[in-house]
Amino acid sequence: MQKMAATPPRFDQDFRNQFRQLLEWRRDVRRFDTRPLPDGLVDELLDIANLSPSVGLSQPWRFIMVDDMERRAQITADFEQCNSAALQQFSGARAARYASLKLAGLREAPVQIATFVDVNPDQGHGLGQSTMPETLHYSSVLAIYSLWLAARTHGVGLGWVSILNPDVVKGICDVPDHWQFIAYLCLGYPQEEHTEPELQLSGWETRRSLSNKVIRR
C-alpha cells in the first residue's frame, strides 16, 4: 500500500532571505575557539548530513571521528609536510603571501572528522554509477555541504582541510581499501565571523560575479 504523501512546507520570503544569509555567512573557518561543542550536537549535525541526496540512494559517505590525539598529531604533521611542498609552487610575492596564510585549524578545532567515500557500496545496487562512478564522490561532497550549513545554523564553523596526502590519511584512519579520502573537516566555534571569504580578506583571491560562470548554448 502506497504511503500517503505528506503536505510539503511553504517557505516564505523571510525564510528565503534567511537562507541566503546562511549561505553568505558560511565560511571556511581556520581560526577556532578551543571550547568543546555541546553534547549531542555533532550527532545531530551528522544526522542532518545523512539526509543529503546520493546517487542510487547509495549514501556512500563515511565519517571517521578522529578523537585520538596521536592520530591528530600525525594528520597535522602530514599537513605541514604537504603545505611546505605546496609553497614551492609559488615564488616572489605570491609565495610570501601563501606562507602568511592560515590554512588549517588542526591544532585548535575540538572536533575533527575525516570523510571518505565508499566506492563500492552495496547500498544502491550501482544505480546511476555505470557511466559516471564519480557521482559517488559528488554525493559525499553534498553530505559535507549539508553538514557545513547545518553547523552554521548552530553558530559552529567548519574548515575543510585539503592539503593532505590521501594515502597517508587513509593509513592514519585505518579504513578499508575501497574507501577514498574526500575531506578532513575541523569543527568548532569560530574566533571571528565575517561574510567575506578569508582568502579574499587576505588578498589571495576575490569572489567573482556570475557573469562569466553561466554559458548559454
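**Notes on the helix packing**

1. A good place to begin is the pairing of two helices: Leu22, Leu23 and Trp25 in α1 meet Tyr145, Leu149, Arg152 and Thr153 in α5. Keep in mind as you look around that this is a predicted model.

2. How do those two helices sit relative to each other? The axes of α1 (residues 13-25) and α5 (residues 135-153) come within 10 Å, with a crossing angle of roughly 105 degrees. Angles of 65 to 115 degrees count as roughly perpendicular, so that is how α1 runs relative to α5.

3. Next, have a look at α3, which covers residues 69-87, 19 residues in total. From first C-alpha to last, α3 reaches 27 Å, close to the 27 Å expected at 1.5 Å a residue. The N-terminal end of α3 is capped by aspartate 68, which has a side-chain oxygen 3.2 Å from the backbone nitrogen of glutamate 70.

4. Which residues of α3 are buried? They are Arg72, Ile75, Thr76, Asp78, Phe79, Asn83 and Ala86. These residues lie on the same side of α3, because the arc they cover around the axis is only 165 degrees. Their cover includes the helices α4 (92-100) and α6 (166-173), along with the strands β2 (111-118), β3 (157-161) and β4 (179-188).

5. One of those neighbours, α6, is worth a second look. The axes of α3 and α6 come within 10 Å and cross at roughly 175 degrees, so the two helices are roughly antiparallel. On the α3 side, Arg71, Gln74, Ile75 and Asp78 make the contacts, meeting Val168, Val169, Ile172 and Cys173 in α6. Ile75 and Asp78 also appear among the buried residues of α3.

Definitions and conventions: Residues are numbered from 1 along each chain as its sequence is written. This is a predicted model: local features need pLDDT of at least 70, side-chain atom pairs count only at pLDDT 80 or more; totals for chains, interfaces and linings use all residues. Side-chain values use heavy atoms; hydrogens and water are left out. Helices (H or I, at least four residues) and strands (E, at least two) are DSSP runs, numbered from the N terminus. The expected span of a helix is 1.5 Å times one less than its number of residues. Buried means under 20% relative accessible area, exposed over 50%, partly exposed in between (1.4 Å probe, protein chains only). The arc is that of the directions from the helix axis to the C-beta atoms. Contact means heavy atoms within 4.5 Å. A polar contact is a pair of N or O atoms within 3.5 Å; within protein, one must be able to donate a hydrogen and the other to accept it, and residues adjacent in sequence count only if both atoms are side-chain atoms. Axes are lines fitted to C-alpha atoms, for helices over the stretch in contact, and angles run from 0 to 180 degrees between N-to-C directions. Angles under 35 degrees count as roughly parallel, over 145 as roughly antiparallel, 65 to 115 as roughly perpendicular and the rest as oblique.
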